[in-house]
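Here are my notes on the model you sent over. I've kept them as numbered points so you can follow along with the structure open.

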Amino acid sequence: MDDDLRIDHQVTTLRALAVDRLRQAIVSGRFAGGDRLVERALCDQLGVSRSIVREAIRYLEAEGLVESLPRSGPVVARLDWPDARQIYDIRRLLEADAAAACARVADATVAGRLQAALADLDRAFAEEPPARLQAATTAFYEVIFTAAGHHIAWEIVQRLNGRISRLRALTLATTNRRVSGPAHMARICAAICAGRPEAAAAAVHDHLSDAAELARQALESPT
């Protein structure tokens, strides 16, 4: 039994905890693409009932992290480059537009919030737990989208967040991303705080182009 997956306390958000544990296991690669998600085994690993496990699997299926196959049942969805490329294309459109809009309205308050989020993101880059970095990255972008007033666009990004996190974990495994990631985020922040919409959009575009290329190399690699 994997004790580190077990949920210690029975609380009202039990399903949410189960979803989070399973999501992190998929994002981190502990459960690889194509792996079967066996309800009985997951009940033992998580220490929850079968109904909770079923709910969690349905939730993750809606996020695109799990898919149900006719003969195999629920399995971890496979990552491939054609799907990943679409996700990066969507992100470029939404995030570049949000960054430009944020730069047009950024005042001292917005700049302070974004700089604080960037500082937290820098600390997360230096730490090991991937969940910490995922949360800090989400918080950074949330400042941008909410300050820009792009609430619907942010909802779309949030629906893709599970798959975005999985791709982010994949690219962060490379040395290049560990070095370039913080620099890209700092450039985005600087352009927004300086009130330079075009520079902010360009910084987002360059960041996602680099990340997409790393993802393509990883997903198309024979190994």
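**Notes on the model**

1. Let's start with helix α2, which covers residues 39–46: its buried residues are L42, C43, Q45 and L46. Do bear in mind throughout that this is a predicted model. The cover over those buried α2 residues includes α1 (14–27) and α3 (50–62). Right after α2 comes G47, with a positive phi near 75°.

2. Stepping back to the whole chain, you have 10 helices and 2 strands. In sequence order they run α-α-α-β-β-α-α-α-α-α-α-α. The radius of gyration is 18 Å, close to the 17 Å that the globule rule gives for 223 residues, so the chain is as compact as a globular protein of that length. If you want dimensions for a figure, the C-alpha trace spans about 55 × 45 × 30 Å along its principal axes.

3. How much of the chain is buried? Of its 223 residues, 43% count as buried. Taking the contacts with a separation of 6 or more, 70% come from residues 24 or more positions apart. As for the outside, the chain exposes about 11,400 Å², and carbon and sulfur atoms supply 51% of that area.

4. On charge, the count is 28 positive and 29 negative side chains. The centres of those two sets lie 3 Å apart.

5. Back to α1, where R23 sits. Is R23 buried or exposed? The cut-off for buried is under 20% relative accessible area, and R23 has 18%, so this arginine counts as buried. Leaving out residues up to four places away in sequence, R23 touches Y59, L60, E63 and L65.

6. G29 belongs to the loop between α1 and α2. With a relative accessible area of 44%, this glycine is partly exposed. For a sense of distance, take I90, which is 61 residues from G29 along the chain: the C-alpha atoms of the two are separated by 24 Å.

7. Now compare that pair with R104 and R196. R104 lies in helix α4, residues 81–105, and is exposed, at 59% relative accessible area. R196 is in the loop between α9 (175–193) and α10 (197–220) and counts as partly exposed, with 49% relative accessibility. The two arginines are 92 residues apart along the chain, yet their C-alpha atoms are separated by 7.1 Å.

8. What else does R196 meet in this part of the model? Not counting residues up to four places away in sequence, R196 touches A103 and A191. There is also a C-alpha separation of 9.4 Å between R196 and C102, which are 94 residues apart along the chain.

9. One last residue to click on is T171, in helix α8 (residues 161–172). T171 is buried, with a relative accessible area of 1%. Which backbone oxygen lies 3.1 Å from a polar atom of the T171 side chain? That oxygen belongs to R168.

How values were computed. Residues numbered from 1 in each chain as written. Predicted model: local features only at pLDDT ≥ 70, side-chain atom pairs only at ≥ 80, totals over all residues. Heavy atoms only, no water. Helix = DSSP H or I, 4+ residues; strand = E, 2+ residues; numbered from the N terminus. Rg over C-alpha atoms; globule rule 2.2 N^0.38 Å. Buried < 20%, exposed > 50% of the residue type's maximum accessible area, 1.4 Å probe, protein only. Contact = heavy atoms within 4.5 Å. Areas by Shrake-Rupley, 256 points an atom, 1.4 Å probe, with all protein chains shown as cover. Lys, Arg positive; Asp, Glu negative; His and termini not counted. Charge placed at Lys NZ, Arg CZ, Asp CG, Glu CD. Polar contact = N/O pair within 3.5 Å; in protein donor to acceptor, adjacent residues only side chain to side chain.
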